[in-house]
Amino acid sequence: MHQSAALCYRIKQGRPEVLLITTRKSHRWIIPKGWLIDGLTPSQTATQEAWEEAGVKGKCSADLLGRFTYLKNFPGKGPVLCLVDVFPLYVRSIVSDFPERDERKRKWVSPKKAASRVNFPELSRLLRELGPVLH
């Protein structure tokens, strides 16, 4: 199964910050991601997911930043391996009224803090390696 994710970032006082959101069910920290959307490229899907899940708009690069995998549990089917393509999205605006606002929390943190908060080792490594790559 294939998904796209947006690594939403901004530069504050000369340093990058990334936006983490909580998952709907377990409330763990993650980046906006979702299933590929028919008619959209993977980076366009990431942009759409960032809007729906985090209420951000910005410029998403079509260049792949990295990938991570995880097991998603489907009731009645069991675990399925998901491959997530991650695209950097420079946040230009953030709003309080967005589709999943009542289901998620969001928080700006340094890439290092983000790496320590996410539960996926490959995503954690990607966040630790960010540095000046973003801007």
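The following legends describe close-up views of a predicted model, centred on Glu53 and the salt bridges around Arg24 and Arg104.

**View 1. Surroundings of Glu53 in helix α1.** Glu53 belongs to helix α1, which spans residues 42–54. With a relative accessible area of 7%, Glu53 is buried. Leaving aside residues up to four places away in sequence, Glu53 touches Ile21, Pro32, Lys33, Phe98, Glu100 and Arg104.

**View 2. Polar contacts of the Glu53 side chain.** A polar atom of the Glu53 side chain lies 3.1 Å from the backbone nitrogen of Lys33. The side chain of Glu53 is also joined to that of Arg104 by a polar contact of 3.5 Å.

**View 3. Salt bridge between Arg104 and Glu53.** The side chains of these two residues meet with an N to O distance of 3.5 Å. This pair links distant parts of the chain, 51 residues apart: Arg104 is in the loop between β7 and β8, whereas Glu53 is in helix α1. Arg104 counts as buried because its relative accessibility of 12% is under 20%. Glu53, at 7% relative accessibility, likewise counts as buried.

**View 4. Salt bridge between Arg24 and Glu100.** The closest N and O atoms of Arg24 and Glu100 are 3.9 Å apart, and the pair forms a salt bridge. Arg24 sits in the loop between β2 (15–22) and β3 (29–30), and Glu100 in the loop between β7 (78–94) and β8 (106–109); the two residues are 76 residues apart and link distant parts of the chain. Arg24 is partly exposed, at 45% relative accessibility, whereas Glu100 is buried, with a relative accessible area of 10%.

**View 5. Salt bridge between Arg24 and Glu103.** Arg24 forms a salt bridge with Glu103 as well, the closest N and O atoms being 3.3 Å apart. Here too, distant parts of the chain are linked: Arg24 lies in the loop between β2 and β3, and Glu103, 79 residues away, in the loop between β7 and β8. At 34% relative accessibility, Glu103 counts as partly exposed.

**View 6. The network of salt bridges.** Which residues are joined into one network by salt bridges that share partners? The network comprises Arg24, Glu53, Glu100, Glu103 and Arg104. Side chains of opposite charge can pair when their charged atoms come close. Among the network's salt bridges are Arg24 with Glu103 at 3.3 Å and Arg104 with Glu53 at 3.5 Å. A search of the whole structure finds seven salt bridges.

Terms used. Residues are numbered from 1 along each chain as its sequence is written. This is a predicted model: local features need pLDDT of at least 70, side-chain atom pairs count only at pLDDT 80 or more; totals for chains, interfaces and linings use all residues. Side-chain values use heavy atoms; hydrogens and water are left out. Helices (H or I, at least four residues) and strands (E, at least two) are DSSP runs, numbered from the N terminus. Buried means under 20% relative accessible area, exposed over 50%, partly exposed in between (1.4 Å probe, protein chains only). A polar contact is a pair of N or O atoms within 3.5 Å; within protein, one must be able to donate a hydrogen and the other to accept it, and residues adjacent in sequence count only if both atoms are side-chain atoms. Contact means heavy atoms within 4.5 Å. A salt bridge is a side-chain nitrogen of Lys or Arg within 4 Å of a carboxyl oxygen of Asp or Glu.
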